[in-house]
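Hi everyone, thanks for making time. I'd like to walk you through a model, so have a look at it on the screen first.

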Amino acid sequence: MTIVLSVNQLQKVYEGKVPYQALKDINFKLKKGEFVAIMGPSGSGKSTLLQVISTIDSPTGGSVLIDGKNPHQMVKEELASFRRRELGFIFQDFNLIHTLTVEENIMLPLSLEGVPANEITKRTREVARYLGIEALLPKRTFEISGGQAQRVAIARAVAHQPSLILADEPTGNLDSKATKDVMNLLKTLNKEMDSTILMVTHDAYVASMCHRVLFIKDGRIYQEIVAGDHESEFYQRILDMLTFLGGDHGDVNANRL
Ligand SMILES: Nc1ncnc2c1ncn2[C@@H]1O[C@H](COP(=O)(O)OP(=O)(O)OP(=O)(O)O)[C@@H](O)[C@H]1O
């Protein structure tokens, strides 16, 4: 079995007047095709962890291996190319470029990576068809809804077939209908394309659509819960753990399933 992501004794200290250790000895692995959520109280280190894995920030101890390679040891140009090829990013606020059309947004990472123009058009059309957003391609980003924008962001994140998709609160700005649509899309991608996805979420319903949930508390992995046969039972176990951990978890809606 292929290990796509290996996080080993990861530590992160934010320097400052008073140094703060946001991550203390984090260890976990993701196998190819796994869909894993990270949850935990506000300030527990979730964003820091995602930022270090995505190489936006660097660790102060330990290592991150993506497909067996350590991006934090790469020089600048090598790292930029590694990120464009191996990683796909999905953000809470979609991060689309407003001066470009939907189609140009999806094309951008492919053209940055030097993929030939005819191949870019072909792949963009294919991924748009697959994700059901073909009709949106000529539109500007302000002409589409939040749910549609997140579909476009997902298309952009997967068009180059990255090894690992990192999603930071992908449904944080969506209503419950759009949340359901986006999660069904991610689930389909995960199942049909064997995509490996690591996602931070505050939403127990969203997490219950994953294979596993890692709970972080005070910069450490506190607990792991693995899905069983029934999504509703998994959802309840996630809610119980969130209640046990306490703190601010955002919108926990017990009536969602
Ligand atoms: N740039 C920084 N400098 C200093 N401390 C930081 C910095 N970024 C985050 N922290 C601290 O590190 C801890 C972890 O923050 P992080 O943003 O990773 O938490 P989180 O679990 O993502 O929280 P939330 O759910 O509220 O987004 C917090 O105590 C935070 O104040």
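I'll go through the ligand shell, the strands, one helix and a few odd residues. Just keep in mind that this is a predicted model.

Okay, the ligand. Which residues are around the ligand? They are Y14, G16, Y20, A22, G40, S42, G43, S44, G45, K46, S47 and T48. If you look at which elements give two or more residues to that shell, you get β2, residues 20–31, and α1, residues 46–53. The most comes from α1, with 3 residues. Sorted by class, the shell has 8 polar residues, 3 nonpolar and 1 charged.

Now, β2 also turns up in a sheet. It's an open sheet of 3 strands in the order β2-β1-β4, and the pairing is antiparallel. The edge strands are β2 and β4, residues 61–66, each pairing on one side only. From one strand to the next, the twist averages 15°. Between β1 and β2 there are 8 bridges, running antiparallel. To pick out one pair, L10 has I26 in β2 as its bridge partner.

While we're in β1, look at Q9, which lies in that strand. As a general point, most residues other than glycine have a negative phi. Q9 isn't a glycine, yet its phi is positive, about 45°. Q9 counts as partly exposed because it has 13 C-beta neighbours inside 10 Å. There's another residue like this further along: D218, also not a glycine, has a positive phi of about 50°. You'll find D218 in the loop between β8 and β9, with β9 covering 220–226. D218 is partly exposed too, because 14 other C-beta atoms sit within 10 Å.

Next up is strand β3, residues 35–39. Is β3 enclosed or open? 5 of its 5 residues are buried, so β3 is largely enclosed by the rest of the structure. In a regular strand, side chains alternate between the two faces of the sheet. Here, F35, A37 and M39 point one way, V36 and I38 point the other way, and all are buried. As for partners, β3 is joined to β7, residues 197–200, by 4 bridges, and the two run parallel. F35 stands opposite I197 in β7. There's also β8, residues 212–217, which pairs with β3 in the parallel sense over 4 bridges. On that side, M39 stands opposite F215.

Let's move to a helix. α5 runs over residues 146–158, so to speak a 13-residue helix, and spans 18 Å from its first C-alpha to its last, close to the 18 Å expected at 1.5 Å a residue. Of its 13 residues, 11 are buried, so α5 is largely enclosed by the rest of the structure. Among the buried ones are Q148, R151, I154 and V158. What covers them? The cover for the buried residues of α5 includes β5 (87–91), α3 (102–112), α4 (117–130), β6 (164–168) and α6 (176–192).

Last stop, back at the start of the chain. T2 is found in the segment before β1, which covers 3–14. T2 is exposed because only 12 other C-beta atoms lie within 10 Å, and the cut-off for exposed is 12 or fewer. Leaving aside its neighbours within four places in sequence, T2 is in contact with K31 and K32. T2 and H230 are 228 residues apart in sequence, and their C-alpha atoms are 27 Å apart in space.

That's my tour, happy to take questions.

Terms used: Residues numbered from 1 in each chain as written. Predicted model: local features only at pLDDT ≥ 70, side-chain atom pairs only at ≥ 80, totals over all residues. Near = placed C-beta within 6 Å. Nonpolar A, V, L, I, M, F, W, Y, C, P; charged D, E, K, R; others polar. Buried ≥ 20, exposed ≤ 12 C-beta atoms within 10 Å, placed from the backbone. Contact = placed C-beta atoms within 7 Å. Expected span 1.5 Å × (residues − 1). Pairing = 2+ DSSP bridges. Axes fitted to C-alpha atoms, helices over the stretch in contact; angles between N-to-C directions.
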